[in-house]
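Here is a short report on cysteines and on one chain-to-chain interface. Please keep the structure open while reading.

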Amino acid sequence: MMDRRTFLHTLGLLTGGSALSACTPGKDRRHLVSALVPPEDGVVPGQSVWHATTCTECPAGCGMQVRLREGRPVKAEGVPGHPVSGGGLCVRGQASLWRLYDPRRLRGPQVRDGGALRAATWDDALSRVASALAEARGAGRTGAYLSGRTTGALAALLAESAPALGLEWLPRFEPFSHAAIRRANGLLFGAPEVPRLDAARPDVLLTVGADLLETFVSPVGLAAQVVAGPAGRRWWHAEPHCSLTGANADRRLVLRAGSEPWLLAWLLARVAPSARRPLPPAVVAAMPRPSIAATAEATGVAVDALEALGAALAAAKEPLVVAGAIATAAEGGLAVAGLAALLQWTLGATGRTVDLARGEGYGDVGSLLDLRALGERLERGQVGVLFVARANPVRHAPAAWRLAGKLAGATLRVGLGDLMDETLREMDVVLPLSHPLETWEELAPRRGLRELLRPAAAPLGDTRAEGDVLLELRRRAGETVAPSYQERLMAGWRARYDDAALRAYSAAGWAEEPVSGPPVGLDAGAAAELLRGVRLSPPKPGLVLVLAPSIRSFDGRSRALQLLEEVPDPLTTVTYGPWISVAPGDARRLGVADGDELRVTLGGWSAELPAKLQPGLAEGVFVVQRDVLPSFPGGMDPATGEAICALPGPGLERTGRGGRMPYLSGSPSQQGRGLIPEPIHRKETAKRASLYPEHPHPEHRWTMAIDVSRCIGCGACAASCYVENDVPVTGAREHRLGREMSWLRIEPFYDAAGGVDFLPILCQQCHAAPCEPVCPVYAAYHNPEGLNVQVYNRCIGTRYCSNNCPYKVRRFNWFDPVREAPLDLLHNPDLSARGRGIMEKCTFCVQRITAARDRAKDEGRAVRDGEVVPACAQSCPTTAIVFGDLNDAGSRIAALVKAPGSWRVFEELGTEPSVHYHRGGGEGER
Amino acid sequence: MTRLEFDGREEFLARLRALVEAGTPPERIRLQMPFEVAEAAEILGERPGAVRFFALAGALAGFGTGLALTIYSVVSFPLRVGGKPIVSLPPFLLIGYLLTILFGSLGAFAGFLLLARMPSPRGLAADAELADRFVIVVEGEEGR
Amino acid sequence: MTRGGVGGGRLLVALAGAAGGFALLELAGVADGRGALIVAVSLLASVAQGTVAAAAASDLTGARWIGSVRKDLLVGARLQPLLALLFLLLWPRLGLYPWAAEPGEWLNRPFFLARNVALLGAVALLARLYADRALRGDPATKPFAVAYLFAFFVSQTLVGFDWFMSLAYPWVSSMFAFYFPVEAFYVGVAVAGLLFLARGRGGGLGARGAAAARDVGLLLFGFSVLWGGLFFAQFLLLWYGNLPEEVSFITERLADGRTRALMPTFIAACWAIPFFGLLPEGAKRRPGVVAAVSVSVLLGILAERLLLVLPGTPVGGAVLTAELALVAGAWILARPRADEPGGADAAAAAGGGK
Amino acid sequence: MKAPGPTLAAKAGGLAIAGWVAAWLLALGALAAWRGAVPLAPAQPIAFPHVVHAGRLGLQCTFCHVNAPRSPEATVPPLSTCMTCHETIALDRPEVQKLRGYVARGEPVTWTRVHTLPDWVRFTHKRHVRAGVDCSACHGGVAQMARVTRVRPLTMGWCIGCHRTRGAPTDCTTCHV
Amino acid sequence: MTGTRVGSEVERDVLGAIRRPGWRWLLGLAVSGLLAVLLHVLWGALIVRGLGLTGLNNPVGWAVLITNFVFWVGIAHSGTLISAVLFLFRARFRTSFNRSAEAMTVFAILVAGMFPLIHLGRVWVFYFLLPYPIERLIWPNFRSPLPWDVFAVTTYLIVSVVFFYVGMIPDLALARRHLPGLRGRIYAVLSLGWQGTGEQWRHYARLYLFLAAFATPLVASVHSIVSWDFAVSIVPGWHTTIFAPYFVAGAILSGTAMVLTLSIPMRRWLGLEAHMPIDHYEGIAKILLFTSLLVGYTYVVEQGLSLYGPSPFERDQYAFRAFGPYRGLFWLMVVCNAILPLTLFLRRARRSLPWLFVLGILVNVGMWTERFVLIVASLSHDFDPYAWGTYSPTRYEIGITAGSFGLFFLFFLLFSRLLPVIAITESKQALADRAGEEGTP
């Protein structure tokens with residue numbers, strides 16, 4: 001048993017702590033400060049520390065490492081080889097730092113007196129809660145504790161604290177509860193769980209509705225797996241609208257909304273006979289057998305497409321069918337989930353690529369059914385003190401339920417959260433929670449995985465960890481409990497780990513434990529029962545409004561973060577504000593153009609949204625991202641408790657209002673300009689005519705290769721770039737004027753067939769850059785390492801370079817970039833600040849190149865291949881971006897550039913870019 | 001010392017021609033004219049002035065300066081732009097050309113001031129006379 | 001329409017002879033003659049159209065220098081009908097053009113031939129109309145001069161775009177629209193410079209002659225600057241943009257030994273020699289110098305035309321010389337007799353406007 | 001004929017032109033002023049005599065400025081470093097008493113920078129110290145200074161000059177962005 | 001002085017003009033003065049707040065401000081053209097206009113010169129543009145067209161001023177005699193004590209000839225260089241070799257148009273009808289017609305060539321101009337610059353001052369639009385379709401544009417009162433020549 005100090009040191013508390021005692025004031029150039037005591041050992045002012053921790057922007061629990069400078073987190077990145085994420089970090093993960101520094105974060109407790117919430121001290125707030133709890137206990141009214149998905153140490157604490165405080169810990173509330181899937185698996189296999197998928201192995205993959213790349217269970221990990229699929233892998237995706245996942249599938253089947261059961265039922269009947277795991281007779285007997293014609297009719301999918309799909313699945317060595325999200329969030333969602341589960345079973349996926357034993361640990365998550373139950377109990381006045389933590393039920397409950405009103409039924413309403421939202425607004429006591437980067441925590445996002453969270457910054461406001469709140473309440477209730485949540489956690493670890501194990505845990509930020517689950521077996525009776533329950537009714541004709549999840553804000557919890565609005569939606573390039581995606585055909589019919597406002601009505605519910613044309617969309621389908629709606633218009637599927645997200649028969653009419661709308665793409669098509677040459681062939685490899693002499697790159701020649709087949713357009717790279725390079729975030733007004741500042745953008749190009757290609761465009765670091773010679777002051781020039789350098793302090797702002805850049809990747813500071821405190825603390829000290837009138841752009845994260853060279857010099861060696869990783873490449877969940885030194889013949893980049901089919905954009909202009917694009921070929925290990 | 005004044009150009013020229021043919025040494029003849037009369041100079045057989053040499057010198061100096069400046073600037077701090085050679089003559093010639101013209105014109109102007117003795121204190125004097133008519137002044141012995 | 005004073009016979013002989021000679025050279029299958037025709041005809045076009053253009057322009061601006069040689073310059077008008085004829089001979093040669101393989105709306109054999117012949121014909125006609133009036137000393141010359149100049153400009157533009165630029169399809173340089181007319185004008189003035197020498201020998205130079213010669217010298221000098229400017233402007237933009245498609249035009253010519261040699265030659269002949277040769281005051285006054293410069297200019301233009309044609313297309317030296325000889329011969333034959341009207345006096349009447 | 005015109009015209013004209021020119025001169029003057037320099041030898045909260053410590057006592061620079069060889073920022077020492085000696089030494093000196101006052105109050109000392117570079121210059125002490133550049137190359141003979149004074153121009157031209165003579169990199173990215 | 005002597009009435013009228021201010025003049029001075037102030041105020045705002053106040057964006061990095069720069073440099077061109085080129089061609093009608101045209105040139109360059117500064121993102125470091133190595137050891141990039149501009153415009157300014165001044169020396173000497181008191185002294189000093197001796201005239205003639213000889217190629221090169229600001233780039237619609245002659249022609253077109261716009265009212269209000277005869281206006285009209293033909297010709301060539309090659313970039317760009325959101329401006333420019341001037345083929349139109357005046361204004365509207373379309377359309381529709389965008393100016397840009405006109409007219413109004421607006425001495429000479437010719441049979 002090690003002594004306390006080494007113990008803490010192992011956990012990095014001291015380095016963390018040193019970060020907390022911010023030593024040198026970052027940007028003050030006028031003064032120097034002599035602190036009283038030197039910083040703890042291991043900390044050198046002016047040099048950064050990396051902390052392994054965990055991302056909490058969604059329940060997936062991807063690994064995240066945070067870079068600390070002068071005691072503040074300045075960058076978040078993925079943890080290579082992490083079991084959940086595989087090493088990437090999504091756009092929301094990047095934005096989690098914006099949550100930390102968000103100016104609108106709750107800085108202190110608030111208590112309602114009279115009508116309004118007003119600031120209060122923790123003591124006031126807590127004593128008020130404590131007394132309310134006491135009263136309730138006296139009156140024999142049990143309270144309720146409603147929280148978002150909670151795992152690991154906090155779950156344990158809650159489980160023990162709730163009863164102690166006379167509270168019932170309700171099933172967790174998650175808008176994306178995957179209830180149907182869990183229900184189906186419960187019925188069929190006795191395992192009410194969201195299975196852990198392995199999307200890397202299948203050679204034939206069919207996803208029905210499940211948006212693997214956006215919000216489904218663990219998007220980053222699944223994305224990494226999907227792109228890593230075996231050669232010749234075919235991936236079908238079936239859905240009524242056009243999601244990012246659909247756009248990236250090898251083939252997208254446009255399914256009439258509500259016809260999913262048909263497709264799956266037909267497939268089951270098609271593959272069951274020849275399946276490697278035959279179904280029991282009873283099941284076979286109960287199996288619905290729609291004709292292919294009827295199926296085609298109902299689903300709107302062509303017969304030959306069905307044939308091809310069926311044949312492929314039947315013939316596949318490693319087939320996988322996944323249904324979820326939109327597909328199960330509908331009437332008959334249970335049937336869809338059940339059929340899918342049976343397909344998984346009979347195709348032999350269950351137990352191989354579908355792991356129920358080591359599931360995603362959603363067992364304790366409830367559904368809208370539980371929320372409705374709560375509502376009823378509240379109405380009946382059976383609830384004492386109501387806690388709502390890290391959840392926004394008011395926002396996500398069907399609008400028709402009027403949940404907000406019902407909350408009044410509780411004796412006291414206590415909300416815990418970090419940003420004011422529809423639910424907290426209804427509370428009597430609002431307790432501000434510390435950001436996960438300000439507290440100690442341990443999560444278990446899936447069975448058998450523990451993840452460490454540790455403080456990276458001193459709390460910016462008067463906030464507390466949820467655990468500390470609970471402990472304090474129990475203390476006030478007269479219990480003797482751990483002095484602090486941190487102590488409690490550490491006690492746990494000290495008990496669990498020895499020195500070495502703890503070191504490993506602390507270094508990695510996660511630890512896996514063996515999980516033994518019983519091999520699942522199919523309950524034939526239940527299966528037959530379920531199949532008999534399948535109703536194959538023809539889907540309702542007419543328009544349909546699809547409430548899609550959003551890759552940028554998940555279920556809406558990340559919507560408050562401005563960075564996520566600055567980064568465009570991958571498919572429409574809309575940045576700020578809500579919109580409704582309209583198919584070009586419908587647009588013509590309705591006579592709307594981009595930005596014209598539409599009034600959408602569903603029964604009594606209505607909303608006004610600007611329209612945005614989306615070429616990939618099927619006519620009659622309108623898409624709204626559910627998190628942008630003021631309230632949830634859909635209903636609930638009583639069978640599963642899933643929210644219904646495909647709503648038939650919306651009313652649509654022009655309001656006559658409209659105007660310029662903040663979206664970034666000037667054209668959805670390539671206009672036949674071959675940015676992505678099709679078919680891809682190396683265009684004329686012979687040296688291009690030039691009047692200039694070759695110029696040497698003696699030491700390095702930095703080069704980037706981007707695999708467009710791996711790029712899924714998720715925008716993680718762009719977000720990462722924003723944070724790494726302090727790219728100004730300018731807001732809706734500037735975006736409407738066409739003044740976005742992103743150094744790296746992903747251009748979606750639709751082809752005639754509605755397919756989408758994603759082309760990441762950043763500064764191409766041309767070797768004969770048109771932007772350089774026109775700069776009158778050498779602010780732009782070509783350095784010996786092949787970088788197209790922009791010297792900000794030399795720039796006088798003629799904007800000539802931008803005019804002459806064929807890729808239009810240069811960004812001009814139209815105003816002084818301002819960041820409202822405390823966001824101004826999120827600043828990369830390795831970069832010089834750019835004021836108004838300065839042109840800025842990507843330089844392959846030159847600060848990282850410099851840092852790597854510095855490191856190499858200290859260690860007296862050359863820079864290694866793969867040592868320099870630009871922010872974009874680091875975050876890319878699918879490792880589509882490879883960066884390196886072309887002079888190093890052995891490097892990966894050298895191989896990729898030589899690979900056949902590698903091309904450069906606008907090669908015919910002779911700009912000789914350093915960014916090479918290719919489709920496939922590169923194997924994406926980090 | 002005789003002073004003859006004329007209103008018209010033609011009679012002025014006629015008289016001048018007559019004077020010269022009569023053998024009056026040109027260097028003894030001083031003229032004043034309200035505007036330029038090229039023939040007068042011809043009659044007096046004067047060579048075109050030396051202004052052109054100033055112009056030429058200025059022009060050459062300008063071209064030299066232009067090339068020197070541009071080439072020195074890139075050699076002293078070589079920076080590669082757009083793959084262009086460090087010493088890119090085409091643009092530099094342009095600078096040379098412009099300075100040729102600038103220095104040439106200034107040279108010519110300076111030359112003029114020098115040769116025409118301007119600014120001339122005599123001319124600046126309050127009572128300085130300015131020809132609003134043609135004047136021939138023959139210095140030395142009485143003209144007939 | 002009058003015979004324009006000239007013994008129609010001699011003119012007919014000249015035209016027929018030249019046409020026949022060309023036809024013989026081109027059609028009687030002298031194998032390697034392929035590029036020569038374009039060069040020769042384009043030169044003839046510049047000479048014949050340029051001289052008349054020079055005359056017309058000087059009539060419009062009322063410049064005096066033209067007087068003594070005006071009549072000789074207008075000979076160009078008589079030779080112009082030849083152009084349309086000779087151009088027809090290009091029909092079998094159109095295979096030279098890269099676009100001939102896959103023709104477009106603008107670049108296809110019939111239209112190509114049709115528009116050029118038609119235009120050459122039109123210019124010839126206008127030239128005739130103008131020349132007759134000019135020689136007659138008709139006071140109403142100016143409208144025809146203007147009309148001719150306009151047609152001349154368009155025609156020379158087509159010479160640039162169609163005859164030469166499309167040899168390097170899809171290479172484009174819009175500058176040709178100014179470059180070729182200016183060159184033709186340059187050629188016209190150069191011819192005038194030569195004529196002065198000839199006249200000078202014949203004692204035709206009047207009292208005004210010296211001054212006129214100086215004016216021609218000045219004009220040549222001015223044109224050398226203008227030409228140099230246009231050339232530099234074009235080169236600078238290609239060099240600066242360095243677009244592979246554009247600079248390939250230059251790199252090809254740098255790669256080919258013959259054309260590489262021609263480059264300095266024609267730049268020197270069209271710019272350096274005239275510029276520095278005529279810079280000194282006195283030089284402009286000496287008909288000899290002026291004539292020498294004129295020759296250099298004509299040779300320079302010839303060199304440049306070769307440069308434009310050569311890399312893609314072989315040019316038979318013998319054929320070219322022969323054809324140039326024919327052009328020269330035709331000119332000599334078409335020259336007016338001294339007693340024909342249209343001398344200086346008429347010029348004074350027609351020209352000399354404000 | 002003595003019309004008021006000419007004088008009026010002249011006045012108006014003179015005013016307009018003079019005003020225009022004046023505006024430009026003012027603008028340029030303001031610009032020059034705005035680029036004004038920082039003081040060469042500012043007063044410090046504690047008159048720390050380098051001449052005593054670095055000079056007479058002969059302490060190495062890195063004895064106190066420990067981070068110079070290992071970090072971009074040399075940093076000034078924490079007060080605890082001073083107190084290692086001044087717990088016992090020279091307690092009677094007024095400046096030392098000031099120092100002890102700060103420590104007693106638990107208040108950090110805020111010095112005024114003498115050698116400061118603009119935000120857009122990325123200077124790293126580590127590389128320069130490890131390359132064997134003597135501190136005095138940029139800071140002058142601090143060991144002889146009672147009050148630290150900036151004796152080097154610290155302009156880009158000055159840096160480049162040294163970089164050239166020492167064959168150090170002169171690529172812009174060495175110090176900028 | 002008596003009216004008997006050749007040209008003495010020119011002297012009287014022109015110098016007399018200096019004396020009478022008149023309410024129109026004062027009103028004009030006030031209005032243009034206010035506009036000039038507005039210009040500087042708005043510029044101040046741009047400096048303090050940032051160029052975001054303009055409508056500029058990504059991809060349209062240049063628009064109205066640069067349009068104004070090109071426009072005013074263009075205006076500056078007629079001056080030297082009329083003075084130098086026509087001098088070399090010995091065109092008589094020059095004498096009526098050369099003085100005011102030269103003044104116009106100088107003022108236009110002053111105004112034009114402000115715009116590159118106004119449009120800088122960080123004008124407070126404009127000195128990076130000047131070739132001095134102080135404290136940084138780093139020079140401007142002479143491979144960039146902008147330093148060419150710096151050199152071209154300053155050269156042009158200096159040479160024009162010299163030309164303007166030299167041409168005025170004898171007249172200043174005259175003015176000195178006509179104006180008593182302080183102003184007389186000032187003119188005396190300005191005239192450098194000119195007395196018109198044979199010596200002085202001889203060198204003066206040479207100097208003037210050389211200045212003309214230098215200025216003539218300068219005129220061509222300055223606007224060529226301005227055109228290369230665009231043409232050296234690779235932006236479709238900018239990168240085309242014809243630009244130099246095209247811009248020069250356009251510049252002269254707009255310049256002569258401005259001469260008409262200014263001199264026709266001046267002639268009237270200063271009562272100089274006698275000395276600015278219609279014949280001379282006809283000469284100017286011919287130049288205008290000629291250059292307009294060249295410009296129109298270029299329009300045809302450019303639009304035509306865009307269809308010539310296989311590359312989509314050029315084709316789309318020129319289609320975009322003619323039929324895109326800027327089509328209105330495009331056709332306006334075609335009508336004003338290439339069609340309306342054709343009326344000047346009619347002698348009556350050439351000799352009708354009202355029409356010339358109107359036409360002058362219309363042509364300048366057209367020329368301004370031309371630059372705007374050329375700059376904005378090309379930028380808003382270049383290579384990468386994703387980056388396409390559109391631009392529309394804001395109050396600030398409009399105000400600054402108006403202000404630039406104010407500043408220009410302010411200068412010109414002052415000139416029209418403070419200096420002889422017609423080259424007196426040359427007019428005398430011209431009159432004498434005419435008299436001489438009529439004399440000879």
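D:Cys135 is partly exposed in this predicted model. Its relative accessible area is 33%. The closest cysteine sulfur belongs to D:Cys61 and lies 3.9 Å away, too far for a bond. A disulfide needs the two sulfur atoms within 2.5 Å, so this pair does not count as one.

The wider search agrees: over all chains, 0 disulfides turn up in the whole structure. A:Cys90 is in no disulfide either, with the sulfur of A:Cys55 as its nearest, 6.0 Å away. A:Cys90 is buried, at a relative accessible area of 16%.

| Cysteine | Nearest cysteine sulfur | Distance |
|---|---|---|
| D:Cys135 | D:Cys61 | 3.9 Å |
| A:Cys90 | A:Cys55 | 6.0 Å |

Now the interface of chain E and chain B. On the chain E side, 58 residues are in contact with 65 residues of chain B. About 5,400 Å² is buried between the two chains, and carbon and sulfur atoms give 70% of that area. The rule finds 0 salt bridges across this interface. Polar contacts do occur: 15 residue pairs, both residues at pLDDT 80 or more.

Which helices of chain E each supply at least two residues to the side that touches chain B? They are H5 (145–178), H6 (181–190), H7 (198–231) and H15 (424–439). H7(E) gives the most, with 18 residues. By residue type, the side of chain E that touches chain B divides into 32 nonpolar, 15 polar and 11 charged residues.

How values were computed
Residues numbered from 1 in each chain as written. Chains lettered and ligands numbered in written order. Predicted model: local features only at pLDDT ≥ 70, side-chain atom pairs only at ≥ 80, totals over all residues. Heavy atoms only, no water. Contact = heavy atoms within 4.5 Å. Buried area = accessible area lost by both parts, 1.4 Å probe. Salt bridge = Lys/Arg side-chain N within 4 Å of Asp/Glu carboxyl O. Polar contact = N/O pair within 3.5 Å; in protein donor to acceptor, adjacent residues only side chain to side chain. Helix = DSSP H or I, 4+ residues; strand = E, 2+ residues; numbered from the N terminus. Nonpolar A, V, L, I, M, F, W, Y, C, P; charged D, E, K, R; others polar. Buried < 20%, exposed > 50% of the residue type's maximum accessible area, 1.4 Å probe, protein only.
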